[in-house]
Every structure is written in structure tokens, then in C-alpha cells.
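Please open the structure in a viewer and keep the selection panel at hand. The tour below proceeds stop by stop, stating what to select and what is found there.

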Amino acid sequence: MKKWSVLAAIIAAMGAGQALAAPTLTGKPPLVLGHRGAAGYLPDHTLAGYSKAIEMGADYIEPDLVSTKDGVLIVRHEPNIKDTSDIASHPEFAERKRKFKIDGVEEEGWFAFDFTLAEIKTLKAIQPRADRSAAYNGQFEIVTFDEVLALRAAKSKETGREIGVYPETKHPTLHQQLGLPLEEKLIAALKKYNLNRKNAPVFIQSFETSNLKALRKLTPVKLVFLIDGNDVRADGSIDSGKPYDFVVSGDPRSFADMLSPAGLKEIKQFADGIGPWKPYLISWKFKTDVDGKKIDVNGDQEIDQRDATLLPPSSVVHDAHKAGLLVHPFTFRNEAKLLAADFKGSPEAEYLAYFALGVDGVFSDFSDTAVAARKRYLAK
Ligand SMILES: [Ca+2]
Ligand SMILES: [Ca+2]
């Protein structure tokens with residue numbers, strides 16, 4: 001009864017008339033995708049983090065791929081490693097700090113493509129988020145995609161369940177321009193581990209369309225187009241942004257335009273699913289003052305999602321399923337400040353709302369919470 005009442009409350013919060021629970025595209029339970037490993041607990045993209053995600057029950061682990069100077073795929077969320085490694089405390093690399101435009105936006109730091117793998121191996125990973133534990137900083141090395149696939153194989157054997165891998169090509173156009181393209185090396189690594197086959201437990205994801213189109217010709221594994229956004233405005237509308245390959249090719253469309261029925265039909269030509277930022281599915285709005293500024297509703301001197309309330313769900317899951325596309329929204333996190341007021345501080349309640357929409361998987365920093373919520377959802 002208790003489980004029902006939580007779900008019912010969320011459905012009610014999302015607006016009357018919403019069907020109780022929509023099925024996933026395949027009818028199978030939604031997947032738990034261990035975002036950057038176990039990002040809520042350990043530094044991103046470390047073997048310890050991926051192992052923890054697997055222990056917590058994640059179905060897939062999620063390595064982000066960037067290239068070193070000598071063309072080796074390593075796992076980092078950005079080419080700029082200033083926030084995810086201890087490079088700032090390596091005086092031997094001080095002079096290698098520089099400014100560089102990543103997809104048209106200037107950054108300062110140390111860039112993976114300026115360093116050989118041997119140099120990268122002298123560094124250690126650190127926690128990039130100020131609100132998460134720094135206790136593991138400096139303990140784990142930066143690893144290659146190959147090492148992640150070896151871990152996946154070993155853990156699959158050890159646990160008796162086939163762990164999936166969900167690599168993301170980071171900034172594929174930029175890597176192409178640098179003469180360090182990611183795609184063929186990615187496929188070669190999958191081949192080495194017998195994962196470049198139809199029905200392999202693999203999804204390749206990208207925020208760009210052109211490399212997915214190229215990959216479609218190179219591999220039978222499933223492909224996912226990520227749909228990014230910059231911000232949720234006070235009224236709940238989304239400031240969308242554009243895929244960088246559209247910027248380069250002069251395609252005027254935004255990420256949001258690709259969620260129209262016509263856009264989804266086009267995506268289906270080169271991908272098996274979409275990975276939308278989660279407010280594209282259920283957005284949230286803020287109360288505003290006379291100047292249109294967001295109001296601190298709970299009076300804690302911060303403006304965050306606790307001050308926002310949910311809007312009714314969009315038709316994106318329905319429309320994507322109708323186009324034959326899987327839907328894997330990102331990113332689910334436990335921190336209370338990242339949860340709309342309707343969820344009353346419960347990350348499980350947020351998962352239940354999205355599961356009820358029929359999403360096919362969730363990218364989560366806290367796979368244990370996602371697995372618990374899924375269990376509760378499936379038990380109803
Ligand atoms: Ca990622
Ligand atoms: Ca507040």
C-alpha cells in the first residue's frame with residue numbers, strides 16, 4: 001500500500017489524466033546505467049568507481065572517451081583534466097597549461113590531447129564536485145578504455161551476469177580536427193573484447209549526429225543520440241543549445257528541434273535511442289518576483305530545484321517510442337538540492353516518476369538508489 005501511495009502521489013503531482021505507467025519500448029525493466037562509474041561515491045571514471053557501480057547492481061558502466069596525444073582512448077569526462085586529475089600539483093607539467101577552444105568555448109587548463117599515455121599514467125584522479133567526498137582524491141589512476149573493457153570482462157565472469165558498457169565519444173568533431181578521431185579505435189577495442197556484434201551489451205552515445213552516422217556503417221552495436229540542454233528557465237522552458245556538428249555544418253536546428261516527431265524519425269535513421277537531459281521529459285518551474293527572477297520559496301538563501309515544482313510530463317517518451325527509439329534520460333542524483341519540491345527530498349520518488357513514463361533506462365550517479373527504486377517500481 002505504501003509503495004502505491006508514493007507512486008500515486010507522484011502521478012497526481014504530475015497532473016491528472018496521466019496514464020498510470022507506460023511500458024518501456026521493449027517491455028523489459030528499465031536499465032540502470034552507472035554514470036561515470038559510481039560518481040556519487042568515488043572519483044569519476046576509475047576502476048574502483050566502475051567496480052562499485054557493478055557491485056551496486058548497475059546493468060551498464062559508462063566510460064567517457066577522450067584521446068591522448070599518442071592516440072590512446074582514455075576515460076575522462078572532458079579533454080581538460082584540470083578538475084578531474086591532480087595535474088595542478090605536478091610542477092613538471094606547469095608549463096603545459098594553456099588556453100584552448102573546446103567546441104568554440106575557450107578554456108584554460110591541461111588537455112589530454114597534449115599528453116602521452118605514459119604522462120597521463122603519472123597522474124591520479126580527483127573528485128570534481130565540491131559537494132562530494134574528496135577522501136579518495138589521489139588514490140586511483142587514470143585508465144584506458146581497454147582497461148575498462150578488461151574490468152568489464154572480469155566482473156562479468158566473477159558475478160555471472162553480463163555487465164554492459166556504454167561508451168560516450170566526447171567532442172568527436174574536435175577529436176577529428178585534432179587528427180585524433182575516436183571512432184575506429186573505439187570499434188577496434190570492442191572487437192578485441194568480442195563486443196562488436198549485434199545484441200552485444202553495448203550502447204555507443206554521442207552529443208553529435210555526424211559521428212553516429214559514421215559509426216552506423218562501422219558497427220552493429222546500438223547507438224544513442226544524446227540531447228543536451230543549457231538551462232531550465234523560470235517558466236520551465238528549456239534553453240536548448242545545438243549539437244556541435246550542427247554548428248560546424250551550419251545546420252540551424254537545436255537539440256530540442258530533434259525531439260519533434262520529424263526529428264525523432266530522422267534520429268531513427270542512424271540511432272537506436274535518445275539520451276535526453278531529464279527536464280525534456282518532466283520539466284520544473286519556479287515562482288518569480290515582479291522582475292521575473294526566481295524566488296527562494298523554501299527560504300534557505302539558495303535558488304535551486306527545491307524551490308521548483310514539476311510541470312506535467314512532455315510527450316517525448318511517447319513520441320520516441322512511437323519512432324522506435326529507446327529513451328535513456330540523464331542524470332539522476334541523490335543530492336536534495338537537485339530534486340524538485342514535489343519529490344520531498346526523495347531521489348527514489350524521482351526515479352518512480354520517470355519509470356512511470358516508460359523510460360528504458362536511467363543514467364545515475366547512485367546506482368544503488370536507482371536499483372532500489374526500480375525494485376520498488378517493479379514490485380507494484
Ligand atoms: Ca557521459
Ligand atoms: Ca531555496
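Is Asn298 buried, partly exposed or exposed? Asn298 is partly exposed, because its relative accessible area is 39%, a value between the 20% and 50% cut-offs. Please bear in mind throughout that the model is predicted.

**Stop 1: the calcium ion (ligand 2)**

Select the calcium ion (ligand 2) together with Asn298, which donates through its OD1 atom. Next, add the other protein donors: Asp296 (OD), Asp300 (OD), Glu302 (O), and Asp307, which is listed twice with OD. These donors lie 2.3 to 2.6 Å from the ion. Along the sequence, the donor residues follow the spacing D-x1-N-x1-D-x1-E-x4-D.

Now consider the geometry around this ion. The arrangement is irregular, because the 6 donor atoms subtend angles of 51 to 161 degrees. Colour Asp307 for contrast with Asn298: Asp307 counts as buried, because its relative accessibility is 4%, whereas Asn298 is partly exposed.

**Stop 2: the calcium ion (ligand 1)**

Move to the calcium ion (ligand 1) and select Glu62 (OE), Asp64, listed twice with OD, and Glu168 (OE). These protein donors lie 2.2 to 3.1 Å from the ion. Their spacing in sequence is E-x1-D-x103-E. Distant parts of the chain are linked here: Asp64 belongs to strand 3 (residues 64-67) and Glu168 to strand 8 (residues 168-169), 104 residues apart.

Which relative accessibility makes Asp64 count as buried? The value is 1%, so Asp64 counts as buried. Glu168 is likewise buried, with a relative accessible area of 5%.

**Stop 3: the open sheet**

Select strands 7, 2, 1 and 17, which form an open sheet of 4 strands in the order 7-2-1-17, with parallel pairing. The edges are strand 7 (164-165) and strand 17 (361-364), each of which pairs on one side only. In general, strands of a sheet pair through backbone hydrogen bonds.

Then zoom in on strand 2 (residues 60-62), which runs parallel to strand 7 and is joined to that strand by 2 bridges. Display Ile61 and look across to strand 7, where its bridge partner is Val165. Residue Glu62, a donor of the calcium ion (ligand 1), falls within the residue range of strand 2.

**Stop 4: the annotated span**

Finally, select residues 30-374, which an unreviewed UniProt entry annotates as "domain: GP-PDE". The end C-alpha atoms of this span lie 8 Å apart. Its secondary structure is 27% helix and 17% strand.

Terms used: Residues numbered from 1 in each chain as written. Chains lettered and ligands numbered in written order. Predicted model: local features only at pLDDT ≥ 70, side-chain atom pairs only at ≥ 80, totals over all residues. Heavy atoms only, no water. UniProt positions renumbered as here; feature names shortened; annotations may be inferred. Pairing = 2+ DSSP bridges. Donors = N, O, S within 2.8 Å, 3.2 Å for Na, K, Ca; no water. Tetrahedral: all angles 85-135°; square planar, octahedral: opposite > 155°, others 65-115°. Buried < 20%, exposed > 50% of the residue type's maximum accessible area, 1.4 Å probe, protein only.
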